[in-house]
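Open the model in your viewer and keep the selection box handy. We'll go stop by stop: what to pick, and what you'll find there.

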Amino acid sequence: LQEIAQIRAHIPEDMEIESFIHGAMCISYSGRCLLSNYFTGRDANQGACTHPCRWKYAVVEEKRPGEYLPVYENERGTYIFNSKDLCMIEYIPEIVAAGIDSLKIEGRMKEPAYVANVISKYRAALDGTVTEEDKENLNKTFNRTYTKGYLFGEDPKEITNIKRPNNYGYEIGKITGSYKGMYEITLNKLL
């Protein structure tokens, strides 16, 4: 964020700076992803990414061609390139103060309800009216758990999510009993 503020201080006032503030993060710095194009012929830098960062991978050692060594993290496999989703709602004042003009939300493969929910929460943050309930509601929308990304010096280990590549869902309670295929759930709070 300090680098962005320095750039702002040295460019013309009418030159805009944009930054992603929410949603899926590309594992390739500055969108320099070549995997999608290499594997499928679909260019990620032209908006046609196939999300190869969300695929399962195995390792092949060069002296043992054809011998695939699985990389296990859990029973579903590993997602060594998989990033968490960016969530900067807590930092909107700092982002605006640094001189970022355009706040980008990644949502090109999301449902309209996702886009509406996320945009409304960030609009409230920009207006200074965002509530804790608004922030909590972001967790109810599709996410792969959240990170601050690179703007605030997040530990690189906290940016990736090697456990799963898809939505984590929203915990509403715990199963506390079962009987003949039916389950009793103790809710975290009233629905």
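Start by selecting V130, which sits in the loop between α4 and α5. This is a predicted model, so treat each stop as a look at a prediction. With a relative accessibility of 24%, V130 is partly exposed, since buried would call for under 20%. Now show what V130 touches: leaving aside residues up to four places away in sequence, you should see I89, K121, A124, A125 and K135. Add E90 to the view as well. V130 and E90 are 40 residues apart in sequence, and their C-alpha atoms are 9.5 Å apart in space.

**Next: E90 and K135**

Keep E90 and K135 on screen and show their side chains. What do the side chains of E90 and K135 form? They meet in a salt bridge, at 3.3 Å from N to O. This pair ties together distant parts of the chain: E90 is in the loop between β4 (85–87) and α3 (92–97), while K135 belongs to helix α5 (residues 132–138), 45 residues away. Are the two partners buried or exposed? E90 is partly exposed at 45% relative accessibility, whereas K135 is buried, with a relative accessible area of 18%.

**Then: the other salt bridges**

The count of salt bridges comes to eight. Another one to pick is E106 with K110, where the closest N and O atoms are 3.7 Å apart. Both E106 and K110 are buried. Salt bridges with shared partners also join E61, R64 and E67 into one network, so select those three together. Within that network, zoom in on R64 and E67, whose side chains meet at 3.9 Å, N to O. R64 has a relative accessibility of 42% and counts as partly exposed; E67, at 38%, is partly exposed too.

Before you leave K110, add Y114 and look at the ring. K110 lies over the face of Y114, 5.3 Å from the ring centre. So K110 turns up twice on this tour: in the salt bridge with E106 and over the ring of Y114. If you like hunting for ring pairs, the structure holds one aromatic pair.

**A24 and its neighbours**

Go to A24, in strand β1 (residues 18–24). Is A24 buried or exposed? At 18% relative accessibility, A24 counts as buried. Its contacts, not counting residues up to four places away in sequence, are R54, D85, E106 and R144. You have met E106 already, as the salt-bridge partner of K110. Draw a distance between the C-alpha atoms of A24 and E106: the model puts them 6.1 Å apart, though their positions lie 82 residues apart along the chain.

**Into the nonpolar core**

Now for the greasy part. Nonpolar side chains in soluble globular proteins tend to be buried together. Which residues touch the most other members of the largest nonpolar core? Select I95 and Y122: those are the two, in a core of 19 residues. Colour β4, α3 and α4 (112–127) next, as each of them supplies at least two residues of this core. The largest share comes from α4, with four residues.

Centre on I95 and show its contacts. Beyond residues up to four places away in sequence, I95 touches L1, I21, M88, I100, L103 and L151.

**A backbone stop: K180**

Move to K180, in the loop between β7 (173–179) and β8 (182–187). Check the backbone angles there: phi of K180 is near 50°, a positive value in a residue other than glycine. K180 is exposed, with a relative accessible area of 70%.

**Zoom out**

Finish with the whole chain as a cartoon. How many helices and strands does the chain have? There are five helices and eight strands. Trace them from the N terminus and the order reads α-β-α-β-β-β-α-β-α-α-β-β-β.

Switch to a surface view. The accessible surface of the chain is about 12900 Å², and 54% of it belongs to carbon and sulfur atoms. Of the 191 residues, 31% count as buried. As for contacts with a separation of 6 or more, 60% are between residues 24 or more positions apart. The E90 and K135 pair, 45 residues apart, is a good one to revisit with that in mind.

Terms used. Residues numbered from 1 in each chain as written. Predicted model: local features only at pLDDT ≥ 70, side-chain atom pairs only at ≥ 80, totals over all residues. Heavy atoms only, no water. Salt bridge = Lys/Arg side-chain N within 4 Å of Asp/Glu carboxyl O. Buried < 20%, exposed > 50% of the residue type's maximum accessible area, 1.4 Å probe, protein only. Contact = heavy atoms within 4.5 Å. Areas by Shrake-Rupley, 256 points an atom, 1.4 Å probe, with all protein chains shown as cover. Core = buried A, V, L, I, M, F, W, Y, C linked by side-chain atoms within 4.5 Å. Phe/Tyr/Trp six-rings, centres within 6.5 Å; stacked < 30°, edge-to-face > 60°. Lys NZ or Arg CZ within 6 Å of the ring centre and 35° of its normal.
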